[in-house]
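Welcome, and thanks for taking a look at this one. Below is a short briefing to read alongside the sequence and the model, grouped by topic so you can dip in where you like.

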Amino acid sequence: DEVQDFSYASLLLICTIGGVKNLKWIFAGDTAQMISPGCSFKFDGLKQTLLSLQAGIESRLSKVSHLLVNYRTTRDILLLGNSILTVAKRHFPDQIAHSLPEIAMKDLGLKVRICDFDDATSLSVSFGHNQALIHSEDSSGSSSDNVVTVRQWLNDHPFILSALDSKGLEFDDVVVAFEFGRTIWDVTRQKEESLRMLRELYVAVTRAKRRVVVLIKRKDIAMRSFFRGLGCDIETINDPKQLQVEFDCETSAETWYQKGVDLFEEGHFGLAASCFAAANNWGLSNWAKGKHLKSLGDRREAAGAFRRAARHFFEELEYKRTLDVFQELSYCPPWDEKDNLIFDAAQSEVPTHFDRHETVRLSIVADRFQNIEIRDLKDPDTSTLFAGHKDHPKLKNMIRKCTEDDRYEVSKLLPSIIAQYYLTVQNYSLAVELYIRSKEIKLAIESTKSAVDSAELSDFHVRESIKAWSQNIRSIRNLNGESYIPLLIRMYSSPMEAAKSAGKKCLKTFGRRVVIFALEYANIEMANLYDFHPTEFRTEVNIYLESTNSRCIDIVKWYIDKHDYDNANEYAQQHWKQISNPELLDIISLDCKIRPGNVVRELKRRKLVIDAICRTFLPQLSFDDAIKAAESELGSIVKRGDADKLSEAVKANIQHCKNNRAFSELHQSTLSSFLDLCRDPYFTITTLKTTCASFGKDHILKAVSYGGPFREDVWVFLSNFSTKYFKKTRKYHLLEAFHYVGNHESANWYAELNIENWTDKELIDSVEIMRLPIAIGIELLRRGMAVQALPYALNSGDEKTAIEASIEMLKSPEAAEKNIVKVISAWGDGRPDLLQSSRALLKFTRDPNYDSCDEMTALLINFGPSVTAFLKIYATQGNPDGSMLNLIVRHHLQLREHIKRPRHYEEFESASNTPLQSGEGSQGNGHLNDQIASNPSSSSINCAVVPIGEAQTGKKKKKKNNKKKKNR
């Protein structure tokens, strides 16, 4: 209702809150009464507003219904109103839309009258409760000068109202006292002030139900002309006493009280306050006044009015009204501590006046948490009252003292309050979860940061916080560009991807401990901390690498693979004591040419300068390091004077070295000779014998150990160089030197060259310890060490030597009986393809039928080389039984000529003419299998040849053999 006084924005808000699709709306208003400041309402604008809310409703907005029957005013009053409206529409057609003349339903015959303002106010008149005086306001919104006069005239009557205040009200009689300038009453000028005047005048005259009297000053000719021009039947009061008689009436306090109650219930609190004051009811007057001031936004003055009302009611023993006023006062904070005295006294008289919801609310406002119980926080009806008081210390104390089960129940309704408690006790993960649930994203982020900052010994709260965020994807989407939470989740879910894209940012944002925890959570090696920051995690990376790598060189290489030469140098320098000599040489010989600090000093301390020069500096053409190391080494082996000359020579020739990269072109000096010795010891010793003699045995021998390839026995020219140094030195010492410095090419060449000169132990050590790929089997066989020669020959693939060693080991019956197992085992180890044959041969030699080993001995002595051929054939045939003699006879008929016993010859011949199939065997084979089953570990072997002829004679034996075959 009164839609003309609303803005389009407020109408849009009201419809949106109420619901556009589910509700039907009725908008009622009169644009002629649009006198509220700032309003410019039109029904066409209302249509556009509604169409923006819901499309497709044009047909429902096609026309405006006109309510033309007036049930309030009389015919004469309505005629005056219609005349004012007609003038307004004539001069302001676009502003007064949809306003049509109305029809009155009653006619009391009371004409509208005009009276002189000064004459009327000179008389004493007492208005009643159904009479009002309506005045105008000037352009600034303040009351005109008439208002002061009429207030004195009517003794501050409650219903001395402005046109705006009178809207929505009705009275029996209305006196209109307007005051405007002359130009405003001249509506033909079409001024905006004139339109406002017409609207206010229309509102004022239509408030009356019976009578309207217009007060006009004598000198206000323009106002008189306006009313005469309306064309209405308006009477003029010549005797003001007539007005006194018609309007003067006495009204009782009870009447004013009832009028105040009516207005109070209708929401006209300002007028109700005046009516209650006229009835001398100051309690209700202050109550209504407080509500009126509160509606205007003046809460401070309203609170004062409410306190006065409560005091009056309490003194009158109206305790319920006292409590109702305090209920109003609770919405006008702050609550005064003195209010509790009256409030408690009144509540003690009517303890059940408020329900639990209102009791809790008033207790919160009055800061009386002792009246609140934990059940109020768990009650859905009362829990909402605490939402704005989570920082209250008394509420915090209540949450702190309650049980964990109570906190859990409260968190369902008030997650933010419980989250704040968990944040206080540093249970960050639960705080994050509850803040996310309460949609307080900023606080959830701050709690997550607190969890990260406190993660020193454990990242439990960090992981649980991430889980809470991950379960609420919408919350992550509403972060509005905040990168903290997504980066944290990414680091824990995919640490290596986070390290590659934002490693340093992760370290700066979350700190070292959380980054380490993230890798531990993902079961990723700590070495990957390097990808987050190469230097910040150096200690952790080194500790991990040391736990997984036993050698320092491996860790240095690990850094080099990362192209981090600074960390490689630093690690090597910090761990000099743990680095062995070979590792140190390996470090400085790497392709990246890393040079840890003080490396020359460390090399000198370990006496490894020569090794460094030979292995590293010269091959890599690191001239500066080579010369520096050479100077350091020569400083201990030359005289002081030579050392000074050496420095001069270095200064003079160092640039020449860099440009030509050929040390042989150095000026002949101690330094150049020393470097030449390291580069080409053979040439230098041969040509600079005298100079090299000053370097000493150890330096020369070490330089030679790095040399090669050599054209002749290096030991010969060393002996020729100095019998003093190398006369008593063993040749094997030089081989050890080659092996120690890693000069494998020269070591192999030197070992092969002097293979006949090594002792038996040195010969074996060169293969077993030095792992030199030299064939020592033939040399051992030459020295009569067939047992040792056989495995080495087989390992080197020299089958010829292996066969000769086998024959040597089995050349006599005694040797055969002693070595047959060794031979077969050696062939089985050296030739895995003969393993089955070796086992079959062992089965054969354990046959119990013969004690003599003559046949086997003859076989091994005369056909030693054929044993190898037999083993190859046997392995190819794959015969699982022991019928090897049949195979030997079949493939080597010349064996017959060497069999001494004739009976065997015939049996062999008959056997050779009868092909044996797989699975056929002699009687001895049965005994053989039985013996193997009964004594598989027997080490005593009797060499014997099975007489196959006897195994195939006799019917009983044949039947028995066939029966065994069938059983098999």
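## Overview

The protein exposes about 50200 Å², and carbon and sulfur atoms supply 49% of that area. Please keep in mind as you read that this is a predicted model. Of the 968 residues in the protein, 47% are buried. The secondary structure comes to 57 helices and eight strands. Among contacts with a separation of 6 or more, 64% are between residues 24 or more positions apart.

## Nonpolar cores

- The largest nonpolar core has 84 residues. Those with the most contacts inside this core are Leu-377, Phe-386, Trp-469, Leu-488, Met-491, Tyr-492 and Phe-510.
- Leu-377 is a good place to start exploring. Not counting residues up to four places away in sequence, Leu-377 touches Ile-372, Ser-383, Phe-386, Leu-395, Met-398, Ile-399, Val-410, Leu-413 and Leu-414.
- Apart from the core that holds Leu-377 lies another core, of 79 residues. Its members include Leu-198, Phe-226, Ile-234 and Ala-303.

## Helices and their cover

- Helix H14 spans residues 319–329, and its buried residues are Tyr-319, Thr-322, Leu-323, Val-325, Phe-326, Glu-328 and Leu-329.
- The cover over the buried residues of H14 includes helix H12 (282–295), helix H13 (299–315), helix H15 (339–349) and helix H16 (356–365).
- Further along the chain, Thr-801 is found in helix H48 (residues 799–809). Thr-801 counts as buried because its relative accessible area is 4%, under the 20% cut-off.
- Leaving aside neighbours within four places in sequence, Thr-801 is in contact with Gly-777, Ile-778, Leu-781 and Ala-793.

## Salt bridges

- The count comes to 42 salt bridges. As background, side chains of opposite charge can pair when their charged atoms come close.
- One of the salt bridges joins Asp-116 and Arg-224, with the closest N and O atoms 3.8 Å apart. This pair links distant parts of the chain: Asp-116 is in strand E3 (residues 112–116) and Arg-224 is in helix H8 (residues 221–228), 108 residues apart.
- The partners in that pair have their own exposure classes: Asp-116 is buried at 9% relative accessibility, whereas Arg-224 is partly exposed at 24%.
- Asp-173 and Arg-211 also meet through their side chains in a salt bridge (3.4 Å, N to O). Asp-173 lies in strand E6 (residues 171–177) and Arg-211 in strand E7 (residues 208–216), so the pair ties together parts that are 38 residues apart in sequence.
- Asp-173 is buried at 3% relative accessibility, and Arg-211 is buried at 11%.
- Arg-782 and Glu-779 form a salt bridge between their side chains (2.4 Å, N to O). Arg-782 and Glu-779 are separated by about one helical turn because they are three residues apart in helix H46 (residues 777–782).
- In this helical pair, Arg-782 is exposed at 53% relative accessibility, while Glu-779 is buried at 6%.
- Salt bridges that share partners also join Arg-113, Asp-173, Arg-210, Arg-211, Glu-235 and Glu-246 into one network.

## Cysteines

- The disulfide count comes to zero. For reference, a disulfide is a covalent bond between the sulfur atoms of two cysteines.
- Cys-115 is buried, at 1% relative accessibility.
- Cys-232 has a relative accessible area of 18% and is therefore buried, given the 20% cut-off.

## Surface and loop features

- Phe-6, Ile-14 and Trp-25 make a nonpolar surface patch of about 250 Å².
- Phe-6 sits in the segment before helix H1 (8–18). With a relative accessible area of 34%, Phe-6 is partly exposed.
- Asp-156 lies in the loop between helix H5 (145–154) and strand E5 (160–162). Asp-156 counts as exposed, at 53% relative accessibility.
- The C-alpha atoms of Asp-156 and Ser-274 are separated by 9.3 Å, and these two residues are 118 residues apart along the chain.

Terms used. Residues numbered from 1 in each chain as written. Predicted model: local features only at pLDDT ≥ 70, side-chain atom pairs only at ≥ 80, totals over all residues. Heavy atoms only, no water. Patch = residues over 30% accessible without salt bridge, like charges linked within 9 Å, V, L, I, M, F, W, Y side chains within 5 Å. Areas by Shrake-Rupley, 256 points an atom, 1.4 Å probe, with all protein chains shown as cover. Salt bridge = Lys/Arg side-chain N within 4 Å of Asp/Glu carboxyl O. Helix = DSSP H or I, 4+ residues; strand = E, 2+ residues; numbered from the N terminus. Buried < 20%, exposed > 50% of the residue type's maximum accessible area, 1.4 Å probe, protein only. Contact = heavy atoms within 4.5 Å. Core = buried A, V, L, I, M, F, W, Y, C linked by side-chain atoms within 4.5 Å. Disulfide = S-S within 2.5 Å.
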